[in-house]
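Q: Can we go through the pockets in this one, then a single residue? Start with the terms you need.

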Amino acid sequence: MALVLHAGSTNKNGFKALIAAEFSGVKVELVKNFEMGVSNKSPKFLEMNPIGKVPVLETPDGPIFESNAIARYVTRLKADNPLYGSSLIEYARVEQWIDFATLEIDANILRWLIPLIGFSVYLPPVEEAAVSALKRALTALNTHLSSNTYLVGHSVTLADIILTCNLTLGFSRLFTKSFTSEFPHVERYFWTLVNQPNFRKILGEVKQAESVPSIQSVKKPSQAKEPAKPKAKDEPKKEDKKESAKPKLEEAAEEEAPKPKAKNPLDLLPPSKMILDDWKRLYSNTKTNFREVAVKGFWDMYDPEGYSLWFCDYKYNDENTVSFVTLNKVGGFLQRMDLARKYAFGKMLVIGSAPPFKVKGLWLFRGQEIPKFIIDECYDMDLYEWRKVDITDEDQKERVNQMIEDHEPFEGEDLLDAKCFK
């Protein structure tokens, strides 16, 4: 019986065994037409791995799951395989780096990526912890590779195969050039290996990510539709009895009427002369003379009785040491503020040309206080210090003007980015 690998053709965990097989002269067939979410839920697959995870290797002696175990098995099929080193100490170091590749590299790449693509809830502190741990691991790896071509010895080992497959996910989805430039020896190592024939045959051409994925909403599993109820067989006609059947209107009246949706308290406020959509339209359509057109137009429209202005300052700016993590943090905040779109307008500035970056904002809210439903629903609100704008203070009013128009420099510093909520 041939060895059959059950995995998708782009599964980086499946690549580990396939590359090990190329180096070892072992024949491993990749199952055809594997469809994730379908093939791995079939009774046959679940017999091989009851939790339905991929990859799984079919062998003459039974199935094996977990990608590192599969790669080890394939490597062991060749006696005295150099992929495991040439001595006991080299074997131990191969195992050491396999653990490192799994626990320090792969785990943190997934902690960073999975929330961004919508398969778990995005939380800025979790992303920061993942990136920090990953940079720590890459720094250690970079130091080791500064004086070593490979992880162990002077040729490719199974540790190199597993680490490279794990890094492939990072380089192709998350690691932009500006990120990896901090680790030049890791860059050299990675691009050298992925272009070796046995790697390239399985991986194909690897391209580096140009940007970090934007934050996606959490994907909800689709609910299966209830099967249609079979129609009752036609019954023989009975004599019409006017009293026996209730008119359809009466039946409908007996059904419980849907409860009216509770009104937002902001909708019950006295009408305001400021039409928020008119201001958002003016802001979006003004391309030149912004101060003279948009900013002046804002103050012409502004209704201090119907609306209030607020400054916000992020409480933990000293943690903003990575630019794209800081930008993602602000982007996630704006995404979670979507529930307030009908009642708010906001500007968020990321300030500084070098870390730590400062995050400051300006918000226009309906009413005289920050709406309670926003405070209750958007946890980011607690991460900021909020201060109501006193529009009789000319300095505060000028600060509002500068934040609306993305004035640079702002308070003596360059702007890294400016985001608008409208």
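A: For residue classes, Ala, Val, Leu, Ile, Met, Phe, Trp, Tyr, Cys and Pro count as nonpolar, Asp, Glu, Lys and Arg as charged, and the others, Gly among them, as polar. This is a predicted model, where local features need pLDDT of at least 70, side-chain atom pairs count only at pLDDT 80 or more, and totals for chains, interfaces and linings use all residues. Residues are numbered from 1 along each chain as its sequence is written, and side-chain values use heavy atoms, with hydrogens and water left out.

Q: What classes of residue line the largest pocket?

A: Its lining has 16 nonpolar, 13 polar and eight charged residues. A pocket here is an open set of points on a 1 Å grid over the protein atoms alone, where a 1.4 Å probe fits, with protein on both sides within 12 Å along at least five of seven lines; lining residues have an atom within 4 Å of a point.

Q: And the second largest, which classes there?

A: Seven nonpolar, seven polar and two charged residues. T176, S178, V322, S323 and F324 lie nearest its centre, out of 16 lining residues.

Q: Switching to F65: buried or exposed?

A: F65 is partly exposed, because its relative accessible area is 34%, and that label covers values between buried (under 20%) and exposed (over 50%), with a 1.4 Å probe and protein chains only.

Q: What is F65 in contact with, beyond its neighbours within four places in sequence?

A: M48, N49, P50, P55, V56 and I70, where contact means heavy atoms within 4.5 Å. The C-alpha atoms of F65 and P55 are separated by 6.3 Å.
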